[in-house]
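Trainee: Please pick one part of this structure and take me through it closely, strand by strand if you can. I would like to follow how the pieces connect.

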Amino acid sequence: MSSYDAIKDLWEEKRSFTRRGYFGALMSVLLILTLTARLIQLQVVQHDYYRTRADDNRMRLVPVPPVRGLIYDRNGALLAQNLPSFVLQIVPEQVDDLDATLARLRRIVNLSDQDVARFRERLRKTPRYRPVTLRTNLSPEEVARYEVDRYDFPGVTVDASLVRDYPLGAEASHVVGYVGGITDADLARIDADQYQGLDQIGKVGVEKSHEDQLRGLPGTKIIEANAAGRPLRELNYHAGSPGQNLYLTIDARLQHVAEQALGELDGAVVALDPRNGEVLALVSKPGFDPDLFANGVDNATYHALLDDPHRPLYNRALLGIYPPGSTIKPFMAFAGLEEGTLDPDKPVYCPGYLNLPGSSRRYRCWKRSGHGELTLERAIAQSCDVYFYNVALALGIDRIDQALGAFGFGHVTGLDIGGERSGLLPTREWKRRSLHQAWFPGETLNVGIGQGYLTVTPMQLALAVSRIAMRGDGYLPHLVHAIGDPVGGRITEVAPQRLPPITVKDATIWDRVIAGMEQVTQSPRGTAYGIGADAPYAIAGKTGSAQVVGVAQNVGYQGAQRNIELKLRDNALFIAFAPADAPRIAVAVVAEHGAEGALAAAPVARMVMDQYLLGKVLYHAPPASATVLPAPDNDDGDEGGPLPDESPPAQNPNDAPEEPAVPPQ
Amino acid sequence: MNVTVITAAPKPILNWSERLERWHLDLWLSVLVLAVCALGLFILYSATGESVAMVVSQAERLALGLGTMLMLANAPPDFYRAAAPWFYGLALVLLIACALLGAHAKGAQRWLDLGFMRFQPSELMKLATPIAVAAYLQSRPLPPSLPTVLASLGLIAVPTALIALQPDLGTALLVLVSGLLALYFGGLKPRYLALALAAAAAAAPLAWYKLHDYQRERLLTFLDPSRDPLGAGYHITQSKIAIGSGGLFGKGWLAGTQAKLDFLPEAHTDFIFAVYAEELGLIGVLLLLALYAAIVGRCLVIAMRGQDTFQRLLAGSLALTFFVYVFINIGMVIGLLPVVGVPLPLMSYGGTSMVSLLAGFGILMSIHTHRKLLAS
């Protein structure tokens, strides 16, 4: 082809090629040996390491959430259970166009605007790779429609799960409480290992206090999953243990009766078995629907509950602090008798008021015309303020504090669900510390009739009256009487815990106090004769009413209560136990703005006692209506009549009740 | 006498080798190539998640490739030498056309849409370049002088650059290697080789700035796979886990977890070797390496028996290019080399490379079966 052809040395070219061919072959062999060496390194030397890495890749340790324990009442009625539910969830990061997906889901699943709003709220708080619940309780039809179209909905799942359900709804809401989503605040205090696979935690009530027993322990399973995390098969299963079942001391029927008996009034009822401290009923009204929380409450509903002036989320029985009013009088009588400053048989003259020496101020009796001459039992029965001004004056605040403290005032009772407040038992020391003032004798008088700084919770009142019923004995109030293991069915009783008894020098002291309290319901002049007259068992009780707002001195007071605005009316209180000679139930009732203890609170207690002792409610009171009150019998009222030198604070500012800080979900 | 020319009367008794040579096929090469292809289909079934459709599709391409191989084997080597300028020219025109109006595919302009099929001109160049260099060197005194070397380098550099710009670094590399190997077999003096290496080293920093981001990322990741374990390093990490966890005997066919559960990306294409190593273990891997080595060996034997310089240079270049192909892919999958898009020859799922590889074997067989008796 070209001029160079002439000088081509073909033999040399072939020899050169052969040499280079062998060299190429040699290089190839060396490189193959390099590959082989590397493969031996990977597949033989490091095999164990890579096998572990491969297993780590494909195996996922998945928690198996335990089934939460059930909650029963004392008769075996369910208070909290788990219902199977189909839950529609969305994993946000697996969805391209969330709005479009929601719009298409609306065609096959019934989605309310509220569902979507709630979903969007949860969406904001959840990492994008975690499923977010859109709807619970899908109907079988909705599940079927989803299953048909499921491949059109990447990132959307329907899972069968258990949802907490509260059959009694609002009636037992404050006792049982509810579960809600685990928040960051919860995470800070719990052991996250024990919540593997769980997304709810007890927030309030028994659900919160007995969380550890109810929750159980999560199990684990090892599943094989692909790179996308989709589980393919189960390799290993290790069962956890289900939560324990709780048997409460609550009687659901009694709870219902108490709740109904309050009618339209806000308030609290606590009923105890004085013989062992079992809480038979614990009502705070109004209640709330706990199922709302178990299903994940939305912000609007939650804030509506928070802003409700009736404060449904607020457990009045444990957190509500009220001036005890005249219900403190039996305890004052006890204190006077025990300290020997009160002679029960010595008549005291009540002119309708008391003047303290050196003061022009009149401390009035609720009965402006005066009670005349009274001894102890009649003074209790007719709730004479002047008599108890004298009792208080003779004791002095220090001895009063000591005696009332023995009954549990000023401390939490130690109820097993916690969440209590201690109220306030005012002492000289307290006043100096808090108000930087000395104690004034007039304040002792106010304490003597349950006004002034003294505040108590309904729970404290119930425990205190049960100790009178038991003549000094007492038991720690409790709501859980047995814990059942669902595996094997073993039930462990919780033994009642005895409190240090209140000892007396002379046992007749109890007789005198209890006789006075029996007179309250049995004497025609007793302030609660209306509920005691026809009762087939003897009731020992005490009415009380406590001022919500101060009423200026000399303003006509008696009778005015019926006509003034509801929220300005006094709180009505009643404490009682029955039967008086062999007590089986002790009750404390606070009816907010119920005006007078005998009118609003005493019938509630009577109905609760009827239900418990007789199995049915015999008493049919004129309804304790919030709007129409019957004209009072003159002696039937027990109006908190003192006009102290300063208006007693209805609630101490340092101890103001507040809502439990429970975030939604 | 094992040289066959068309004779008037066929011999009554022919052994297998002779029967095949009547079709211009080489027995050893055919058996070895078919053995690797069979292993390829076998492991492809597992790597595709037991997809019969994909195996059938690959088998169809294999049939197309074998047909091409048979056709090319029947053309005499002189035809390739004569056609070399035209072939090279056509491939170059198509490459330029591809650069100008190539349809976008995977972000790279590699494909030329001919309406009835899509076609990768760079695959054509894998054959056209060594043919052109071999034909050119055949016409020159060897060892090549400096002008001849520079001219050859020009023949190699133009298609390499065009393909690298597509950007298809893997194919560009193979085209470069095939041309350089022809030059090497032509007797390129060691000092030129050293010069070329020095020039390459000098150009490396410049090339770095010319690389695409993802290409740089691959190189960096190769140097340190842990620097991006979920991104670019993920491929290599998962591949090494697959291979290492296979151990000596492997997890068994269809029992590899890395590919089955989608941890191994590109399991049926560039990373099919990892699936093979995971399921069949070191034993299976050594068998495969032995088969590849035998193919390269047989090709080198064919090259050494070539009857003129063109045949020898072309056959030698094709033989060692095939080996480089294998080495780059396996080296990449086991973490010895950076990740470049080079499939495992005869095994990876994909059309064009299968056809061009088998076409190369067809040319080798043509060289081997068209030998004439020469007067010595």
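Mentor: Happy to! One definition before we start: two strands count as paired if DSSP finds at least two bridges between them. Keep in mind, too, that we are looking at a predicted model.

Let's take the open sheet of chain A, which is built from five strands in the order 12-11-21-20-19. The pairing in this sheet is antiparallel. In general, strands of a sheet pair through backbone hydrogen bonds, in either a parallel or an antiparallel way. The edges here are strand 12 (278-285) and strand 19 (540-546) of chain A, each of which pairs on one side only. Leaving direction aside, neighbouring strands of the sheet are turned by 5° against each other on average.

A good place to settle is strand 11 of chain A, which spans residues 267-273. On one side, strand 11 pairs with strand 12 of chain A through seven bridges in the antiparallel sense. To find one of these bridges yourself, start at A:Gly267, whose partner in strand 12 of chain A is A:Lys285. Strands 11 and 12 of chain A also form a hairpin, with four residues between them. Check the backbone in that turn: A:Gly277 has a positive phi of about 85°.

On the other side of the ordering, strand 11 of chain A is joined by six bridges to strand 21 (residues 585-591) of chain A, and these two run antiparallel as well. Here you can look for A:Val270, which has A:Ala588 as its bridge partner in strand 21 of chain A.

Now, how enclosed is strand 11? Seven of the seven residues of strand 11 of chain A are buried, so the strand is largely enclosed by the rest of the structure. For your own calculations, buried here means under 20% relative accessible area. In a regular strand, side chains alternate between the two faces of the sheet. You can trace this in strand 11 of chain A: A:Gly267, A:Val269, A:Ala271 and A:Asp273 point one way, while A:Ala268, A:Val270 and A:Leu272 point the other way. The residues of both groups are all buried.

Let's move to the far end of the strand order. Strand 19 of chain A pairs with strand 20 (residues 571-578) of chain A, antiparallel and over seven bridges. Within that pairing, A:Ala540 has A:Phe577 of strand 20 of chain A as its bridge partner. A helix joins the picture at this end: helix 21 (residues 508-522) of chain A packs on the sheet and touches strands 19 and 20 of chain A. The direction of helix 21 makes about 75° with that of strand 19 of chain A.

For contrast, here is a side-chain link elsewhere in the chain. A:Arg68 forms a salt bridge with A:Glu211, with the closest N and O atoms 2.8 Å apart. This pair links distant parts of the chain, 143 residues apart: A:Arg68 sits in the loop between strand 1 (59-64) and strand 2 (71-72) of chain A, and A:Glu211 in helix 9 (residues 211-215) of chain A. Both A:Arg68 and A:Glu211 are buried. The structure holds 39 salt bridges over all chains, so there are others to explore once you have finished with the sheet.

Definitions and conventions. Residues numbered from 1 in each chain as written. Chains lettered and ligands numbered in written order. Predicted model: local features only at pLDDT ≥ 70, side-chain atom pairs only at ≥ 80, totals over all residues. Heavy atoms only, no water. Axes fitted to C-alpha atoms, helices over the stretch in contact; angles between N-to-C directions. Contact = heavy atoms within 4.5 Å. Buried < 20%, exposed > 50% of the residue type's maximum accessible area, 1.4 Å probe, protein only. Salt bridge = Lys/Arg side-chain N within 4 Å of Asp/Glu carboxyl O.
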